[in-house]
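Welcome! Take a moment to look over the sequence and turn the model around, then try the exercises that follow, each with a worked solution.

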Amino acid sequence: MINAIGSAIVLAIGLAMDAFAVSMCKGLAVKKLKWSHMIITGLYFGIFQALMPTIGYFLGTSFEKYISSVDHWVAFILLAIIGINMIKESMEKDGDEQCDSFTFSAMFPLAIATSIDALVAGIGFIGAGDLNVPFTIIAVGVFTFATSAIGVKIGNVFGARYKSKAELAGGIVLCGMGLKFLIEGLMETM
């Protein structure tokens, strides 16, 4: 049980890092930060980070009979791809400007973009062994809400210098979780 909870929390942390990095950029763009900016950002990112792995998991269970013998490989490959992409993005110097709007038209695309990796990770939950999927989805949503709300404040106070570090850490965590699921799956087949 502890292992399942630990895995869920580590996955939640890893999946929240994209949203955390983007929320810091939102905070950077805001001249006068309000509590509502933090709450709106947390809600958008938290809800989508919980919704997308749920959708991914149900898509994955639809195809479970086809992937059950290689599910640990699927989890490993998907999480490794997401993690490597996050690591790569953390090392790129992008000059994209973030707008300071918190309207639906500004936040919805950001929420979708930051949660695509969670959709793919949800498919990988099939091969995640002892992972408690409902707990993991709730943990992802709650942790993303909290870190995104805090990220807006951090971005507003400290600037963009921690954005790449957050993406790098998230990428490393997701690669590590993928490797863990692969090793567990290979051990079960022996």
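Which residues does A139 touch, not counting residues up to four places away in sequence?

**Exercise 1. Describe the surroundings of A139.**

Before starting, a note on the model: it is predicted, with local features needing pLDDT of at least 70 and side-chain atom pairs counting only at pLDDT 80 or more, while totals for chains, interfaces and linings use all residues. Residues are numbered from 1 along each chain as its sequence is written, and side-chain values use heavy atoms, with hydrogens and water left out.

- Step 1: A139 touches A8, A12 and T144, once residues up to four places away in sequence are not counted. Contact here means heavy atoms within 4.5 Å.
- Step 2: Find the element. A139 lies in helix 6; helices (H or I, at least four residues) and strands (E, at least two) are DSSP runs, numbered from the N terminus.
- Step 3: Decide on burial. A139 counts as buried because its relative accessibility is 13%; buried means under 20% relative accessible area, exposed over 50%, and partly exposed in between (1.4 Å probe, protein chains only).
- Step 4: Look further along the chain. A16 is 123 residues from A139 in sequence, yet the C-alpha to C-alpha distance is 10.0 Å.

**Exercise 2. Summarise the whole chain.**

- Step 1: Count the elements. There are 7 helices and 0 strands, which reads along the sequence as α-α-α-α-α-α-α.
- Step 2: Check burial. Of the 190 residues in the chain, 47% are buried.
- Step 3: Check the contacts. Taking contacts with a separation of 6 or more, 95% join residues 24 or more positions apart.
- Step 4: Look at the surface. The accessible surface is about 9500 Å², and carbon and sulfur atoms hold 72% of that. These areas come from the Shrake-Rupley method with a 1.4 Å probe; for residues, only the protein chains shown count as cover.

**Exercise 3. Find the nonpolar cores.**

- Step 1: Recall the term. A nonpolar core is a set of buried Ala, Val, Leu, Ile, Met, Phe, Trp, Tyr and Cys residues joined through side-chain atoms within 4.5 Å. In soluble globular proteins, nonpolar side chains tend to be buried together.
- Step 2: Find the best-connected members. The largest core has 25 residues, and those touching the most other members are L11, L15, L79, A121, F125, L174 and F181.
- Step 3: Name the elements. Two or more residues of this core come from each of helix 1 (2-29), helix 2 (35-62), helix 4 (71-91), helix 5 (104-124), helix 6 (133-158) and helix 7 (163-189). Helix 1 gives the most, with 7 residues.
- Step 4: Zoom in on one member. Not counting residues up to four places away in sequence, L11 touches L79, F125, L131, T136, L174, M177 and F181.
- Step 5: Look for another core. A second, separate one has 10 residues, including A19, Y44, F45 and L110.

**Exercise 4. Work out how helix 2 and helix 5 pack.**

- Step 1: Choose the descriptors. Two packed helices are described by the angle between their axes and the distance between the axes.
- Step 2: Read them off. Helix 2 and helix 5 pack at about 35 degrees, with axes 7 Å apart. Axes are lines fitted to C-alpha atoms, for helices over the stretch in contact, and angles run from 0 to 180 degrees between N-to-C directions.
- Step 3: Sort the residues of this contact. They divide into 18 nonpolar, 7 polar and 1 charged. Ala, Val, Leu, Ile, Met, Phe, Trp, Tyr, Cys and Pro count as nonpolar, Asp, Glu, Lys and Arg as charged, and the others, Gly among them, as polar.
- Step 4: Pick a residue. S115 is found in helix 5 and is buried, because its relative accessible area is 0%. Leaving aside neighbours within four places in sequence, S115 is in contact with F48, Q49 and M52.

**Exercise 5. Is D100 buried or partly exposed, and what is around it?**

- Step 1: Place D100. This residue lies in the loop between helix 4 and helix 5.
- Step 2: Apply the cut-offs. D100 has a relative accessible area of 43%, so it is partly exposed.
- Step 3: List the contacts. Apart from neighbours within four places in sequence, D100 is in contact with K26, A29 and V30.
- Step 4: Add a distance. K31 is 69 residues from D100 in sequence and 8.0 Å from it in space, C-alpha to C-alpha.
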